[in-house]
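Hi everyone, thanks for making room for me today. Please have the sequence and the model open while I talk, and stop me whenever something is unclear.

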Amino acid sequence: YKPANMRLAGKTESKSFALYNFEFQDEKGGVYFAQITERGGHLALLDGYKECQNHNYNEGNCVRIAEKFLTKCGYEGMKPVWSSEAGTECTVNFAYEQDGVVIYPDMIKVKVCEERGVVTGLEAHSYLANHTERSIGAASVSMSRVKANAEARMDEVHGVRKALIEADGEELLTYEIAGEFGGRTYYAYIDAKTGETVEIFVVV
């Protein structure tokens with residue numbers, strides 16, 4: 001970004017960590033606001049202010065740009081779990097992956113400008129507040145059984161994977177099912193120990 005005119009704009013205290021606030025401009029005059037953690041110096045927030053007009057980069061390009069940016073920031077083991085476009089901006093959600101399990105409480109959101117192909121936004125507060133290596137435990141219900149049940153109920157199943165989610169204030173090992181039913185896309189979360197449905201989301 002070749003930051004210029006950088007200034008410290010104060011300090012923010014939260015329940016989880018303290019943050020230094022910075023304002024700066026990039027080499028092309030774009031204005032940015034950033035928050036850096038007092039402990040460890042991690043980038044917790046980035047927000048850019050410059051108009052983004054043209055579609056020069058597609059969604060796949062933006063995911064790769066976001067992945068490279070996270071690696072440069074020192075965030076390792078992150079998996080893109082969702083991406084969406086709004087106007088000429090692409091937002092990509094990443095979650096930490098441990099032993100093949102997607103850890104949703106450890107999430108980072110990245111925004112990419114489709115005109116310039118640069119990251120203009122990042123929000124890592126959830127990751128920084130929750131991230132740790134976990135003792136996940138084993139599933140009692142098999143993935144094949146969950147997939148077979150899903151295929152019997154949905155028009156089409158896109159995939160099944162293990163995911164750790166927050167439910168009732170606790171972290172719970174589940175199977176995440178992505179599929180289609182009645183012309184809509186659904187995400188269902190099945191308790192990996194009991195086989196019961198924990199949550200269902202519809203994409204709108």
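Let's start at Gly74, just after helix α1, where the phi angle is positive, at about 90 degrees. Keep in mind that this is a predicted model.

Now step back into the helix itself. α1 runs over residues 59–72, which makes 14 residues. How far apart should its ends be? At 1.5 Å a residue we expect a span of 20 Å, and the end C-alpha atoms are indeed 20 Å apart, so the two agree. At the start of the helix, look for Asn58: one of its side-chain oxygens comes to within 3.1 Å of the backbone nitrogen of Gly60.

Which residues of α1 are buried? They are Cys62, Val63, Ala66, Phe69 and Leu70. These residues take up an arc of only 125 degrees around the axis, and therefore they lie on the same side of α1. Turn to the other side and you will find Arg64, Lys68 and Lys72, which are exposed. And what covers the buried residues? The cover includes strands β4 (43–49), β5 (78–86), β6 (89–98), β7 (101–113) and β8 (118–123).

That brings us to the inside of the model. In soluble globular proteins, nonpolar side chains tend to be buried together. Here, the largest nonpolar core has 39 residues. Leu70, which we just met as a buried residue of α1, is among those with the most contacts inside that core, along with Leu46, Met78, Ile108, Val110, Leu122 and Ile177. A second core is separate and has 10 residues, including Val102, Met107, Ala178 and Tyr189. If you click on Ile177 and leave aside its neighbours within four places in sequence, its contacts include Val146, Met154, Val160, Tyr186 and Ile190.

Last stop: the strands β2, β3 and β4. β2 (residues 18–25) pairs with β3 (residues 31–37) in the antiparallel sense, over 7 bridges. In this pairing, Tyr20 sits opposite Ile36 of β3. The two strands form a hairpin with 5 residues between them, and Gly29 in the turn has a positive phi of about 90 degrees.

β3 also pairs with β4, again antiparallel, this time over 6 bridges. Val31 has Tyr49 in β4 as its bridge partner. The hairpin of β3 and β4 has 5 residues between the strands, and there Gly40 takes a positive phi near 95 degrees.

That's my tour, and I'm happy to take questions!

Methods
Residues are numbered from 1 along each chain as its sequence is written. This is a predicted model: local features need pLDDT of at least 70, side-chain atom pairs count only at pLDDT 80 or more; totals for chains, interfaces and linings use all residues. Side-chain values use heavy atoms; hydrogens and water are left out. Helices (H or I, at least four residues) and strands (E, at least two) are DSSP runs, numbered from the N terminus. The expected span of a helix is 1.5 Å times one less than its number of residues. Buried means under 20% relative accessible area, exposed over 50%, partly exposed in between (1.4 Å probe, protein chains only). The arc is that of the directions from the helix axis to the C-beta atoms. Contact means heavy atoms within 4.5 Å. A polar contact is a pair of N or O atoms within 3.5 Å; within protein, one must be able to donate a hydrogen and the other to accept it, and residues adjacent in sequence count only if both atoms are side-chain atoms. A nonpolar core is a set of buried Ala, Val, Leu, Ile, Met, Phe, Trp, Tyr and Cys residues joined through side-chain atoms within 4.5 Å. Two strands pair if DSSP finds at least two bridges between them.
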